[in-house]
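I wanted to get to know this one from scratch, so I kept a notebook as I went. Here is what I looked up.

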Amino acid sequence: MIARKDWDTYFMDMAYMASTRSQCGRRHVGAVLVQGKKLLGTAYNGAPMGVPDCSEAGCMLVEEFEVVSEVGAERVIKKQRCIRTIHAEQNLLLFTDREDREGSVVYVTDEPCWTCANMLANSGIVEIVFHRSYPKDSEKVSALMEQRHIKFRSLIGYEPPPGTITEVHN
Ligand SMILES: [Zn+2]
Ligand SMILES: [Zn+2]
């Protein structure tokens with residue numbers, strides 16, 4: 001007999017299912033909005049409607065420099081990032097209503113970046129559950145959620161459904 005899935009697993013599985021719709025070769029992110037136990041919306045990262053996406057036009061890459069602190073030293077590393085897509089969390093907010101969002105929970109495959117976190121903090125939601133971590137913005141984002149009294153937690157020990165994970169190129 002297969003054990004019944006708990007709600008966290010159930011909704012995170014749905015976020016991973018949504019992420020498989022993404023056409024960006026660098027990052028597939030999915031997010032779902034849940035009110036009580038009801039699914040109010042699903043979203044993934046993608047180009048605006050009617051605009052060629054990453055699979056058609058290629059990723060739109062920008063280079064960024066990131067300072068990494070290591071024991072006793074700081075190191076600058078160069079990173080590439082695709083800016084063609086609207087992030088999953090932002091699409092989720094674009095396609096749901098403010099009133100519906102009041103008191104709801106967001107399940108997202110990846111820890112939100114600073115911009116998404118800032119928008120989520122002002123969106124009416126009361127909890128964010130994520131799976132993969134995004135260390136670059138993690139500290140600022142956690143501090144923000146604490147100030148806004150938004151529950152912010154990662155699903156530890158969670159295993160995404162087979163076939164939903166795509167390679168991330170950094
Ligand atoms: Zn892309
Ligand atoms: Zn983001």
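The entries below go from the whole chain down to single residues.

**Entry 1: the whole chain**

I note up front that this is a predicted model. I started by counting elements, and I have six helices and seven strands in the protein chain. Walking along the sequence, I wrote the order down as α-β-β-α-β-β-α-α-β-α-β-α-β.

Next I asked what radius of gyration the chain has. I got 16 Å, and for 170 residues a compact globule would come out near 15 Å, so the two agree. I also boxed the C-alpha atoms along the principal axes, and they fill roughly 45 × 40 × 40 Å.

I then looked at burial and contacts. Buried residues account for 32% of the 170 in the chain. Of the contacts between residues at least 6 apart in sequence, 58% link residues at least 24 apart.

**Entry 2: what the record says**

I checked UniProt, where an unreviewed entry lists residues 6-155 as "domain: CMP/dCMP-type deaminase". In the model, I find the end C-alpha atoms of that span 12 Å apart. The span is 33% helix and 33% strand.

**Entry 3: helix α1**

I picked α1, which runs over residues 7-19 and has 13 residues. From first C-alpha to last it reaches 18 Å, close to the 18 Å expected at 1.5 Å a residue.

Which residues of α1 are buried? I listed Phe11, Met12, Ala15, Tyr16, Ala18 and Ser19. They span an arc of only 160 degrees around the axis, so they sit on the same side of α1. I followed that side outward and found the buried residues packing against β1 (30-35), β2 (38-44), β5 (105-110) and β6 (127-132).

**Entry 4: the core**

A reminder to myself: nonpolar side chains tend to be buried together in soluble globular proteins. Here I looked at the largest nonpolar core, which has 28 residues. The members touching the most other members are Ala15, Ala31, Val32, Val106, Tyr107, Val108 and Ile128. The elements giving two or more residues to this core are α1, β1, β2, α3 (88-94), β5, α5 (114-120) and β6. Which element gives the largest share? I found that α1 does, with five residues.

I took a closer look at Val108. Leaving out neighbours within four places in sequence, Val108 is in contact with Ala15, Val29, Ala31, Ala88, Glu89, Ile128 and Phe130.

**Entry 5: strands β3 and β4**

I moved to Val62, in strand β3 (residues 61-70). Is Val62 buried or exposed? I count 10 C-beta neighbours inside 10 Å, and with 12 or fewer a residue is exposed, so Val62 goes down as exposed. Its C-alpha atom is 6.5 Å from that of Cys82, though the two are 20 residues apart along the chain. Beyond four places in sequence, Val62 has contacts with Arg81 and Ile83.

Ile77 is in strand β4 (residues 73-82). Ile77 also counts as exposed, because it has 10 C-beta neighbours inside 10 Å. Not counting residues up to four places away, Ile77 touches Glu66 and Val68. I noted 5.3 Å between the C-alpha atoms of Ile77 and Glu66, which are eleven residues apart along the chain.

**Entry 6: Leu40 in β2**

Leu40 belongs to strand β2. With 17 C-beta neighbours inside 10 Å, Leu40 counts as partly exposed. I wrote down its contacts outside four places in sequence: Leu33, Val34, Gln35, Thr96, Asp100 and Ser104. I also looked up Val71, 31 residues from Leu40 in sequence, and the two C-alpha atoms are 45 Å apart in space.

**Entry 7: two more residues**

Glu56 lies in helix α2 (residues 54-57). I found 9 C-beta neighbours inside 10 Å, so Glu56 is exposed. Its C-alpha atom is 8.7 Å from that of Gln23, with their positions 33 residues apart along the chain counted as separation.

My last stop was His149, in the loop between α6 (135-148) and β7 (151-154). His149 has a positive phi of about 55 degrees, although it is not a glycine. With 7 other C-beta atoms within 10 Å, His149 is exposed.

Methods. Residues numbered from 1 in each chain as written. Chains lettered and ligands numbered in written order. Predicted model: local features only at pLDDT ≥ 70, side-chain atom pairs only at ≥ 80, totals over all residues. UniProt positions renumbered as here; feature names shortened; annotations may be inferred. Helix = DSSP H or I, 4+ residues; strand = E, 2+ residues; numbered from the N terminus. Rg over C-alpha atoms; globule rule 2.2 N^0.38 Å. Buried ≥ 20, exposed ≤ 12 C-beta atoms within 10 Å, placed from the backbone. Contact = placed C-beta atoms within 7 Å. Expected span 1.5 Å × (residues − 1). Arc of directions from axis to C-beta. Core = buried A, V, L, I, M, F, W, Y, C linked by C-beta atoms within 7 Å.
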